[in-house]
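User: I would like to learn how to read the features of a protein model, step by step. Could we begin with the way positions are described?

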Amino acid sequence: KHWTVVTAPNVPASPTSPFVIGAGDSVKFYFQYTSPDTKELECDDDSLLLTTCREFTFASLHACNKKPAIAATDATFECARIDSAGYHGDTVSSPVVAVVNTGNDTLTVSGITLIGLSPADVTQNPTFDFTIASPLPTVQQPWKIVPGDTQFVQVNAHPHHSGQRSAALVITDDASINRSDTALLTACGMPPDINSVEEKSTMLE
């Protein structure tokens, strides 16, 4: 329904049936694709059938409307020693979070927000356990990501309590398809090594 064969009086034009192709000769067909009026990314396939003594497909058509789409990767941190008396804990860096434009038009990212998921203390203040180390986009200075390109976000984890710590980066964008516009962050805290604490306390004395 979105494909038409371009014929006269348009120029260039496709031949109209019936037509004859001489030995060693060729003809050209021209097509027009009218993209659907939708906010979603849509691709349309069609085929051109040729009828001689039999009917067979001799051309396959494929086109999509121009829309951005987004996919963000999650980040899992290694476990880190938590803060304790005489021990200031570990800070670990994640593999960078990748924000990818998987569509076919420019993706605009106007903000990234860190939110806490669990447990309750992370929900109340996720910056105690996770920090964003990269400059982030804003409404005034958004990221413009061309199709197939990627922007990266560096995140650090510094668990303050034992157990799993979970947060997320929520991305504000104009994508027509959100394959994933939220990057999950997972870290775990471990009690400090007793010998390390005693050694640090001795040095302070």
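Analyst: Strands are DSSP runs of at least two residues, numbered from the N terminus. With that convention, His-158 can be placed in the loop between S14 and S15. Please keep in mind that this is a predicted model.

User: Is His-158 buried or exposed?

Analyst: Buried means under 20% relative accessible area. His-158 has a relative accessible area of 19%, so this residue is buried.

User: Which backbone atom lies 3.0 Å from a polar atom of the side chain of His-158?

Analyst: For a polar contact, one looks for a pair of N or O atoms within 3.5 Å. Here the partner is the backbone oxygen of Asp-90, with the separation of 3.0 Å.

User: How many disulfides does the structure hold?

Analyst: The structure holds two disulfides. Numbered in sequence order, the bonded cysteines pair as 1-2, 3-4.

User: Let us take the pair of Cys-43 and Cys-64. What is the handedness of this disulfide, and why?

Analyst: The handedness is read from the torsion about the S-S bond, which is about 100 degrees for Cys-43 and Cys-64, so the disulfide is right-handed. The S to S distance is 1.9 Å. This pair links distant parts of the chain, 21 residues apart: Cys-43 belongs to strand S3 (residues 43–51) and Cys-64 to strand S4 (residues 55–64). Cys-43 is partly exposed at a relative accessible area of 38%, and Cys-64 is partly exposed at 23%.

User: What is the handedness of the link between Cys-79 and Cys-188?

Analyst: The link of Cys-79 and Cys-188 is left-handed, with -140 degrees about the S-S bond. Cys-79 is in the loop between strand S6 (75–76) and strand S7 (80–81), while Cys-188 is in strand S17 (residues 182–190), so the disulfide ties together parts that are 109 residues apart in sequence. The sulfur atoms of Cys-79 and Cys-188 are 1.7 Å apart. As for accessibility, Cys-79 is partly exposed at 37%, whereas Cys-188 counts as buried at 17%.

User: Is Cys-53 buried or exposed?

Analyst: Cys-53 counts as exposed, with 78% relative accessibility.

User: Strand S17 has now been mentioned. Which strands pair with S17 in the parallel sense?

Analyst: Strand pairing is read from bridges, and two strands pair if there are at least two between them. S6 and S17 run parallel and are joined by two bridges; in one position, Ala-75 has Leu-185 in S17 as its bridge partner. S7 and S17 also run parallel, joined by two bridges, and Arg-81 stands opposite Met-190 in S17.

User: In what sense do S15 and S17 pair?

Analyst: S15 and S17 pair in the antiparallel sense, over eight bridges. Arg-165 stands opposite Ala-187 in S17.

User: What is the strand order of the open sheet of three strands?

Analyst: The order is S8-S14-S11, and the pairing is antiparallel. Strand S8 (92–93) and strand S11 (130–132) each have a single partner strand and stand at the edges, so one side of each lacks a neighbour in the sheet. S11 is joined to S14 by three bridges, and Thr-131 stands opposite Asn-156 in S14.

User: Which residues of the largest nonpolar core touch the most other members?

Analyst: A nonpolar core is assembled from buried residues joined through side-chain atoms within 4.5 Å. The largest one has 26 residues, and those touching the most other members are Phe-77, Val-97, Val-109, Phe-130, Leu-169 and Leu-185. Several strands supply at least two residues each, including strand S9 (97–101), strand S15 (163–173) and S17. S10 gives the largest share of this core, with four residues.

User: Where is Leu-169 placed, and what does Leu-169 touch?

Analyst: Leu-169 is in strand S15 and is buried, with a relative accessible area of 1%. Leaving aside residues up to four places away in sequence, its contacts include Val-97, Ile-112, Leu-114, Ile-132 and Leu-185. For Val-97, counted in the same manner, the contacts include Ala-75, Phe-152, Leu-169 and Leu-185. The C-alpha atoms of Leu-169 and Gly-111 are separated by 9.9 Å, and these residues are 58 residues apart along the chain.

Notes:
Residues are numbered from 1 along each chain as its sequence is written. This is a predicted model: local features need pLDDT of at least 70, side-chain atom pairs count only at pLDDT 80 or more; totals for chains, interfaces and linings use all residues. Side-chain values use heavy atoms; hydrogens and water are left out. A disulfide is a pair of cysteine sulfur atoms within 2.5 Å. Buried means under 20% relative accessible area, exposed over 50%, partly exposed in between (1.4 Å probe, protein chains only). Contact means heavy atoms within 4.5 Å. A polar contact is a pair of N or O atoms within 3.5 Å; within protein, one must be able to donate a hydrogen and the other to accept it, and residues adjacent in sequence count only if both atoms are side-chain atoms.
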